[in-house]
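Open the model in your viewer and keep the sequence panel beside it. This tour goes stop by stop, with something to select at each one.

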Amino acid sequence: MSEAAYEQENVQFEVAGLGPDAVDYLSAWELQREVHAQVVAGERPGTVLLLEHPPTYTAGKRTEAHERPLDAGGAPVIDVDRGGKITFHGPGQLVAYPIVALPDHVKVVDFVRRMEEAMIATCTHFGVETARVPGRSGVWLRADERAGERKIGAIGIRVSRGVTMHGIALNCDVDLGWYDRFVPCGIADAGVTTLSLETGRRVGVEEALPVLRTHLAEMLAWDDYRPTPDYEPRPEPGRAPRIELVTPGA
């Protein structure tokens with residue numbers, strides 16, 4: 001089977017565009033909506049879209065005016081219908097959009113943790129120790145002699161009619177200069193990092209993709225799993241959830 005289409009028993013993976021074929025954010029958003037409608041209607045199995053975006057800032061519904069970049073460096077700033085605050089997508093960042101129906105025994109919070117666990121396991125594969133930080137979304141490295149607490153994987157989810165949209169973004173070898181233009185996810189007291197920076201060698205999207213795909217498939221089989229122990233809790237700015245729930249028919 002080609003790299004562009006990889007199928008597991010209950011979900012299929014599609015590479016929508018990487019590198020020079022990176023997918024414009026609005027085009028990917030429209031693709032998500034099309035796939036979401038098909039999954040809701042039972043016309044296709046659950047689907048995970050894997051891709052890169054050109055440089056783009058996306059602002060979730062909790063983004064405040066002062067959190068937007070004053071100078072976006074030519075990248076668009078797009079308001080989106082997911083939870084969370086503002087974040088960056090761009091070359092060197094592996095994005096996965098799981099568009100899957102949640103089984104009855106999997107609650108939304110569990111789904112979020114499964115997606116975080118897939119990123120944690122991918123980082124572990126490359127020798128990078130990460131975990132969740134209660135009170136903050138995504139996947140983090142603990143402060144150490146090299147640097148302070150820093151984020152390597154972001155998450156923002158929307159659930160409509162029992163089917164998920166949006167997803168996760170893992171920093172492989174993204175240019176961190178883009179993060180200097182804003183406060184990622186509204187969290188000013190922590191940094192951002194990449195697999196390449198933490199391993200001391202280039203870990204590109206093409207190398208990380210099959211690893212993340214394997215761990216996502218494990219999590220989307222909906223079997224029980226043993227979660228990685230959390231780091232110490234940290235408050236996240238704002239009190240609203242980062243996950244938007246949409247009632248049936250919405």
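Start with the cysteines. Select C123: at 0% relative accessibility it counts as buried, where buried means under 20% relative accessible area, exposed over 50%, and partly exposed in between (1.4 Å probe, protein chains only). Add C172, which is buried too, with a relative accessible area of 0%. C172 is in no disulfide, and its nearest cysteine sulfur, that of C123, is 8.6 Å away. A disulfide here is a pair of cysteine sulfur atoms within 2.5 Å. Searching the whole structure gives zero disulfides.

Before moving on, some ground rules. This is a predicted model, in which local features need pLDDT of at least 70 and side-chain atom pairs count only at pLDDT 80 or more, while totals for chains, interfaces and linings use all residues. Residues are numbered from 1 along each chain as its sequence is written, and side-chain values use heavy atoms, with hydrogens and water left out.

**Stop two: a β-α-β unit**

Select residues 11-17, strand β2. Helices (H or I, at least four residues) and strands (E, at least two) are DSSP runs, numbered from the N terminus. Five of the seven residues in β2 are buried, so the strand is mostly covered. Now add β3, residues 46-51. β2 and β3 run parallel and are joined by six bridges; two strands pair if DSSP finds at least two bridges between them. For one bridge, pick Q12 and its partner in β3, T47.

Next, show helix α1, residues 25-40. With β2 and β3, α1 makes a right-handed β-α-β unit. To check the hand, point the strands away from you: the crossover is right-handed if the path from the first strand over the helix to the second runs clockwise.

**Stop three: along α1**

Stay on α1. Its 16 residues should span 22 Å at 1.5 Å a residue, and its end C-alpha atoms are 22 Å apart, which agrees. The expected span is 1.5 Å times one less than the number of residues. Which residues of α1 are buried? Select Y25, A28, W29, Q32, V35, H36 and V39. Look down the axis of α1: these buried residues fall within an arc of 130°, so they line one face of the helix. The arc is that of the directions from the helix axis to the C-beta atoms.

Go to the start of α1. There a side-chain oxygen of D24 reaches to within 3.1 Å of the backbone nitrogen of L26. Just after α1, G42 takes a positive phi of about 75°.

**Stop four: H53**

Select H53, in the loop between β3 and β4 (56-59). Is H53 buried or exposed? At 0% relative accessibility, H53 counts as buried. Show its polar contacts: pairs of N or O atoms within 3.5 Å; within protein, one must be able to donate a hydrogen and the other to accept it, and residues adjacent in sequence count only if both atoms are side-chain atoms. The side chain of H53 reaches the backbone oxygen of V23 at 2.6 Å. A second polar contact, of 2.7 Å, joins the side chains of H53 and Y97.

**Stop five: β4 and β6**

Select β4 together with β6, residues 86-89. Four bridges join β4 to β6, and the two run antiparallel. T58 stands opposite T87 in β6. Both faces of β6 are covered. I86 and F88 are buried on one side, T87 and H89 on the other.

**Stop six: loops and phi**

Most residues other than glycine have a negative phi. Select R161, in the loop between β10 and β11 (163-171). R161 is not a glycine, yet has a positive phi of about 55°. At 46% relative accessibility, R161 counts as partly exposed.

Jump to W222, in the loop between α4 (205-219) and β13 (243-246). Phi of W222 is also positive, near 70°. W222 counts as buried, at 13% relative accessibility.

**Last stops: α4 and A147**

Show α4. Its 15 residues reach 20 Å from first C-alpha to last, close to the 21 Å expected at 1.5 Å a residue. Buried residues of α4 include V205, L209, L212, L216 and M219.

Finish at A147, in the loop between β9 (136-141) and β10 (150-160). A147 is partly exposed, at 30% relative accessibility. Its C-alpha lies 8.4 Å from that of G191, 44 residues apart in sequence.
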